[in-house]
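User: I should like to go through this model step by step before relying on it at the bench. Please take each question in turn and give the reasoning before the result.

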Amino acid sequence: MTAIQISIFLENKSGRLAEVTRALADAQVNIRALSLAETIDYGVLRLIVNKPHDAKSALTKAGFTVTETEVIAVEMPDEPGSLANVVEVVTRHGLNIEYLYAFVEKRGGNAVVIFRIDNIEEALKAFQAGGARVLSAEEVSSL
């Protein structure tokens, strides 16, 4: 089970983030989680949204460079050591975490972390073997 992440490449200049968020708002797309990484010239905005295909369409129409990426949403207890335990599962299987970020809201009493891992299929097997609860795309979109 994977979720779809939308990545938008933005020039690092005033107003570009506002243009992205307006295009999504006009398309009735709700942002559930986000990560923004920047360099001197550009940034990469990564989003988990309720309607990824609508988001990609709206942003492409607005002139942005947009990609869809498979990511894994893992639910874990919101307590010390939970992230360490999940990361160790991936490490034991020799997989590389390219990046991760967390949801702003909790799911019940649990936290949700988004993982981008170099080998999605092996990562899913590793999480399953390690007892981690991986959320479906539908569960992620409805958070």
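User: What covers the buried residues of α1?

Analyst: This is a predicted model, and the elements named here are taken from it. The cover over the buried residues of helix α1 includes both strands and a helix. Among the elements in contact with them are β1 (3-11), β2 (31-38), β3 (42-49) and α2 (52-61).

User: Which residues of α1 are buried, and within what arc do they fall when seen down the axis?

Analyst: Helix α1 spans residues 16-26, and Arg16, Val20, Ala23 and Leu24 are its buried residues. Seen down the axis of α1, these buried residues line one face of the helix, because their directions fall within an arc of 95 degrees. An α-helix has 3.6 residues a turn, so residues three or four places apart point the same way. The arc asked for is 95 degrees.

User: What is the phi of Gln28, and is Gln28 buried or exposed?

Analyst: Gln28 follows α1 and lies in the loop between α1 and β2. Most residues other than glycine have a negative phi. In Gln28, by contrast, phi is positive, near 60 degrees. With a relative accessibility of 59%, above the cut-off of 50%, Gln28 counts as exposed.

User: With which strands does β1 pair, and over how many bridges?

Analyst: On one side of the account, β1 and β4 run antiparallel and are joined by seven bridges; here Phe9 stands opposite Thr65 in β4. Strand β1 also pairs with β3 in the antiparallel sense, where Ile6 has Leu47 as its bridge partner in β3. The results are seven bridges to β4 and six to β3.

User: How many residues of strand β6 are buried, and which residues of β6 are the bridge partners of Glu75 and Tyr99?

Analyst: Strand β6 covers residues 110-117 and is largely enclosed by the rest of the structure, because six of its eight residues are buried. Strand β4 (residues 65-77) is joined to β6 by six bridges and runs antiparallel to it, while β5 (residues 97-102) pairs with β6 over five bridges, also in the antiparallel sense. Within β6, the partner of Glu75 is Val112, and that of Tyr99 is Arg116.

User: How many aromatic pairs are there, and which residue lies over the face of Tyr99?

Analyst: Aromatic rings pair if their centres lie within 6.5 Å, and by this rule the count comes to zero aromatic pairs. The face of Tyr99 nevertheless has a residue over it, at 3.7 Å from the ring centre. That residue is Arg46.

User: Is Val89 buried or exposed, and how far apart in space are Val89 and Phe127?

Analyst: Val89 belongs to helix α3 (residues 82-92). Its relative accessible area is 6%, so Val89 is buried. Not counting residues up to four places away in sequence, Val89 touches Ala126, Phe127 and Gly130. Val89 and Phe127 are 38 residues apart in sequence, and their C-alpha to C-alpha distance is 6.6 Å.

User: What is the average pLDDT of the chain, and where is confidence lowest?

Analyst: The chain averages a pLDDT of 89, and 96% of the residues score at least 70. Confidence is highest in α2, at a mean of 97. Where pLDDT is low, the predicted coordinates should not be read in detail. Confidence is lowest, at a mean of 77, in β6.

Note on methods: Residues are numbered from 1 along each chain as its sequence is written. This is a predicted model: local features need pLDDT of at least 70, side-chain atom pairs count only at pLDDT 80 or more; totals for chains, interfaces and linings use all residues. Side-chain values use heavy atoms; hydrogens and water are left out. Buried means under 20% relative accessible area, exposed over 50%, partly exposed in between (1.4 Å probe, protein chains only). Helices (H or I, at least four residues) and strands (E, at least two) are DSSP runs, numbered from the N terminus. The arc is that of the directions from the helix axis to the C-beta atoms. Contact means heavy atoms within 4.5 Å. Two strands pair if DSSP finds at least two bridges between them. Rings of Phe, Tyr and Trp (its six-membered ring) pair if their centres lie within 6.5 Å; planes under 30 degrees apart count as stacked, over 60 as edge-to-face and the rest as tilted. A charge sits over a ring if NZ of Lys or CZ of Arg is within 6 Å of the ring centre and within 35 degrees of the ring normal. pLDDT is the predictor's confidence in each residue, from 0 to 100.
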